[in-house]
Amino acid sequence: MKAARPKFLLAALVLAGMAAFALVGHIAATRFIRDQQTRQLDELTEVVLRRSEFAVDFATASLDELAGRGLATCAPASLQAIRLHVYQRSAVKDVRLVNSDGSVICSAYSETLEFDKGWVDRADMLASRDSKLMLFRVEQFGGDALGVLRDIGDNKALVAIPRHQSQPVRHHAGRAARPWRSAACAQERRAAR
């Protein structure tokens with residue numbers, strides 16, 4: 001009987017040691033995985049934020065250029081010039097003329113209005129550092145989009161709907177809205193491949 005007791009104690013000690021090792025290993029692995037996930041989520045958040053900032057910058061530059069060229073009307077010639085601008089500057093997929101309250105007057109691509117679930121009022125838009133620039137969410141059937149509103153007068157504004165941030169933005173030689181950002185966009189596109 002005495003020989004069975006030390007074997008039992010030794011087996012219990014070995015089992016307790018293995019259980020403690022497994023528990024500590026599990027806790028360490030769980031913490032390591034959680035830290036890795038947090039770090040990757042932070043990196044992804046930075047990429048999304050940077051792409052959103054680029055989209056807003058290019059949309060704002062497009063709206064400023066269109067307003068500067070006097071294309072903030074619903075005249076057929078203006079809408080055609082806006083469509084050409086959208087084609088040449090692929091950072092924006094639609095431009096709309098809106099009233100001061102945010103309601104849509106016309107769109108360069110009127111068929112895109114069918115995909116909107118609804119349209120926000122100006123009161124629901126987010127102000128930016130630039131007092132004439134507002135950001136908002138455009139709820140669409142295929143997913144939400146970002147809206148950038150630029151006031152161009154007392155009772156009108158232009159709205160740009162930038163391309164989805166996961167789509168790379170093509171830059172045309174000599175046409176980048178902010179040349180110092182073009183190299184950063186090109187580097188970001190190479191990194192995304």
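Strand 5 (residues 145-151) and strand 6 run side by side in the antiparallel sense, joined over 4 bridges. If you want a place to put your finger, try Val148, whose bridge partner in strand 6 is Ala160. Keep in mind as you look around that this is a predicted model.

From that pair, let us widen the view to the sheet. It is an open sheet of 6 strands in the order 2-1-6-5-4-3, with antiparallel pairing. Its edges are strand 2 and strand 3 (126-127), each of which pairs on one side only.

Now step across strand 6 to strand 1. Strand 6 (residues 156-162) and strand 1 make an antiparallel pair over 7 bridges. On the other side, strand 1 pairs with strand 2 (residues 104-107), again in the antiparallel sense, over 3 bridges. Val98 is a handy residue for seeing both pairings: Ala157 stands opposite Val98 in strand 6, while Val104 is the bridge partner of Val98 in strand 2. Strand 1 and strand 2 form a hairpin with 4 residues between the strands, and Gly102 in this hairpin takes a positive phi near 100 degrees. Strand 1 (residues 92-99) is also mostly covered, with 6 of its 8 residues buried.

Strand 1 leads us to some empty space as well. Rolling a probe the size of a water molecule over the atoms shows where empty space is left. In this model, the count comes to 2 cavities of 30 Å³ or more. The second largest cavity has a volume of about 40 Å³. Its lining includes Leu71, Leu79, Ile82, Val95, Leu97, Cys106 and Leu158. Helix 2, strand 1 and strand 2 are the elements that give two or more residues to this lining. Strand 1 supplies the largest share of the lining, with 3 residues.

Next, find Thr60 in helix 1 (residues 4-68). Is Thr60 buried or exposed? Thr60 counts as buried because its relative accessible area is 6%, below the cut-off of 20%. Leaving aside neighbours within four places in sequence, Thr60 is in contact with Leu133, Val148 and Arg150. Val148 is the residue we met at the start, as the bridge partner of Ala160.

Over in strand 4 (residues 133-138) sits Arg137. Which residues does Arg137 touch, not counting those up to four places away in sequence? They are Val120, Asp144 and Ala145. Arg137 and Val120 lie 17 residues apart in sequence, with 7.7 Å from C-alpha to C-alpha. The side chain of Arg137 also makes polar contacts: one of 3.2 Å with the side chain of Glu139, and one of 3.3 Å with the side chain of Asp144.

Finally, a word on confidence. The protein chain has an average pLDDT of 81, and 82% of the residues score at least 70. Among the elements, helix 2 (residues 76-88) has the highest mean pLDDT, 91, and helix 3 (residues 179-192) the lowest, 46. Over residues 166-186 the pLDDT is below 50, and this stretch has 25 contacts in the model beyond near neighbours in sequence. Where pLDDT is low, the predicted coordinates should not be read in detail.

Note on methods
Residues numbered from 1 in each chain as written. Predicted model: local features only at pLDDT ≥ 70, side-chain atom pairs only at ≥ 80, totals over all residues. Heavy atoms only, no water. pLDDT = per-residue confidence, 0-100. Contact = heavy atoms within 4.5 Å. Buried < 20%, exposed > 50% of the residue type's maximum accessible area, 1.4 Å probe, protein only. Pairing = 2+ DSSP bridges. Polar contact = N/O pair within 3.5 Å; in protein donor to acceptor, adjacent residues only side chain to side chain. 1 Å grid on protein atoms, 1.4 Å probe; cavity = no way out; pocket = protein on both sides within 12 Å on 5 of 7 lines; lining within 4 Å. Points joined across faces, edges and corners; volume = space filled by probe spheres on them.
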